[in-house]
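This report describes how the strands and helices of one chain are arranged. Please keep the sequence and the structure at hand while reading.

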Amino acid sequence: MMEWLLIIDGGATKTACALVHAKSGEIKYTKSTSGSNYQAIGATSATEILQALLANVQAFLQQQDDSNIAVATFAMAGIDSPKDHEAVSAIIHNAVSAIQLKIETLIIENDAQATLLGVTAGQAGALLIAGTGAIAYAFDGTQIVRSGGWGHRAGDEGSGYWLGQEVIRAIFRMEDGRGESTILKKAVYDYLQIQDVTELATWLFRPSYTNAQLAKMGAFLAEAVTKKDACAIQISMRAAHELVSLACAVLKKIDYQGEAFNLYCNGGAIKHNPLIFKTFSQEMQSRYPQIEVSLCQHQPIHYLMERTKKAYDSL
């Protein structure tokens with residue numbers, strides 16, 4: 001009998017899934033769609049997104065000899081409290097029930113926490129994620145602690161959203177005559193196919209606006225940095241310092257004493273901007289010489305797959 005593992009990585013920007021042969025570990029099906037963080041888009045939209053994704057999974061399984069899902073892991077953004085876990089669990093159960101997908105063991109957990117335990121293989125370590133939002137987790141072998149991840153209204157400094165916001169602010173300041181000139185203006189205007197600052201304001205306040213769309217504006221920083229744009233360099237450096245503050249905060253919570261320790265970094269804001277990662281790494285290692293800072297080499301779903309496989313093996 002063929003058994004399957006289902007892994008869902010539900011982030012703020014993207015929701016990815018993979019179907020894996022439970023015995024061989026071979027990935028047989030992958031699919032991705034838009035973000036499913038219910039805090040950002042609401043429970044109804046999150047349910048619809050997951051339901052559509054699971055319908056595709058069901059269609060694939062119906063073509064196989066056996067459609068039994070032994071273990072399904074849903075690693076979801078937006079699970080920040082027991083109340084959030086209850087809300088997300090209801091969303092997932094509603095989506096699964098609507099498709100009538102058969103799952104023997106269902107695991108629902110915070111996406112960042114799950115990735116931390118996956119990337120460290122259950123050993124002590126820390127994970128900083130600077131994607132649409134920014135959050136840090138640390139594991140000392142016994143307890144898991146967290147700093148950041150409180151959302152764009154209260155924080156998320158150094159995140160993709162924060163970078164995008166800083167890019168847009170720099171353009172408005174430039175157009176007003178309050179700030180320095182920056183090539184970020186042309187990059188953003190060309191991308192949005194707009195001509196002036198009033199159109200930028202219209203884009204920013206349109207009904208279909210999402211945080212993930214604003215976060216995309218931060219992607220223009222890396223190229224502007226290579227062209228020595230002072231504004232882009234300044235924003236990137238500030239982001240790195242904010243992320244250092246976040247990482248240091250979570251290390252203090254596990255009472256880190258300077259021993260050898262791995263700090264992994266993930267998320268587009270830090271992976272796709274070399275200046276941010278370089279500055280962050282240098283400052284962290286100047287403060288904590290025994291810390292090894294590295295970028296995650298795989299997508300989060302890879303680490304979630306490893307955790308799901310362990311859960312299956314333990315059954």
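## Helix α13 and the first sheet

In this predicted model, helix α13 lies across β1, β2 (14-21), β3, β4 and β5, and its direction makes about 140° with that of β1. These strands belong to an open sheet of 5 strands with mixed pairing, in the order β3-β2-β1-β4-β5. The edge positions are taken by β3 (27-34) and β5 (103-110), each of which pairs on one side only. On average, neighbouring strands of this sheet are turned by 10° against each other, direction ignored.

Within the sheet, strand β1 (residues 3-10) and strand β4 (residues 68-76) run parallel and are joined by 8 bridges. One position in this pairing is L6, whose bridge partner in β4 is A72.

## Helix α4 against the sheet and α13

Helix α4 lies across β1, β4 and β5, running at about 100° to β5. Helix α4 (residues 111-119) also packs with helix α13 (residues 300-313): their axes come within 8 Å and cross at roughly 70°. The two helices are therefore roughly perpendicular to each other.

On the α4 side, the residues in this contact are A114, T115, L117, G118 and V119; they meet P300, Y303, L304 and R307 of α13. By class, the contact of α4 with α13 comprises 6 nonpolar, 2 polar and 1 charged residues.

## The second sheet and helix α10

Another open sheet has 5 strands in the order β8-β7-β6-β9-β10, again with mixed pairing. Strands β8 (144-148) and β10 (291-295) stand at its edges with a single partner strand each, so one side of each has no neighbour in the sheet. Neighbouring strands are turned by 15° against each other on average, direction ignored. Strand β7 (residues 134-139) runs antiparallel to β8, and 5 bridges join the two. In this pairing, A138 has V145 of β8 as its bridge partner.

Helix α10 (residues 230-253) packs on this sheet, where it touches β6 (125-130), β7, β8, β9 (261-266) and β10; the direction of α10 makes about 150° with that of β8. The length of α10 can be checked against its residue count: at 1.5 Å a residue, its 24 residues should span 34 Å, and the end C-alpha atoms are 35 Å apart, which agrees. After α10 comes D255, which has a positive phi near 55°.

## Helices α5, α6 and α7

Helix α5 (residues 160-176) and α6 pack with their axes 9 Å apart, at an angle of about 110°. That makes α5 roughly perpendicular to α6. The crossing of α5 with α6 is left-handed. From α5, the contact involves V167, I168, I171, M174 and E175, which meet L184, K185, V188 and Y189 in α6. The residues of the contact of α5 with α6 divide into 7 nonpolar, no polar and 2 charged.

Helix α6 (residues 184-192) also packs with helix α7 (residues 197-204), their axes coming within 11 Å and crossing at roughly 60°. Helices α6 and α7 are therefore oblique to each other, and α6 passes α7 in a left-handed crossing. The contact is formed by V188, Y189 and L192 of α6 together with V197, L200 and W203 of α7. By class, the contact of α6 with α7 has 6 nonpolar residues, no polar residues and no charged residues.

Note on methods
Residues are numbered from 1 along each chain as its sequence is written. This is a predicted model: local features need pLDDT of at least 70, side-chain atom pairs count only at pLDDT 80 or more; totals for chains, interfaces and linings use all residues. Side-chain values use heavy atoms; hydrogens and water are left out. Two strands pair if DSSP finds at least two bridges between them. Helices (H or I, at least four residues) and strands (E, at least two) are DSSP runs, numbered from the N terminus. Axes are lines fitted to C-alpha atoms, for helices over the stretch in contact, and angles run from 0 to 180 degrees between N-to-C directions. Contact means heavy atoms within 4.5 Å. Angles under 35 degrees count as roughly parallel, over 145 as roughly antiparallel, 65 to 115 as roughly perpendicular and the rest as oblique. A crossing is left-handed if the near helix is turned anticlockwise from the far one by less than a right angle, and right-handed if clockwise. Ala, Val, Leu, Ile, Met, Phe, Trp, Tyr, Cys and Pro count as nonpolar, Asp, Glu, Lys and Arg as charged, and the others, Gly among them, as polar. The expected span of a helix is 1.5 Å times one less than its number of residues.
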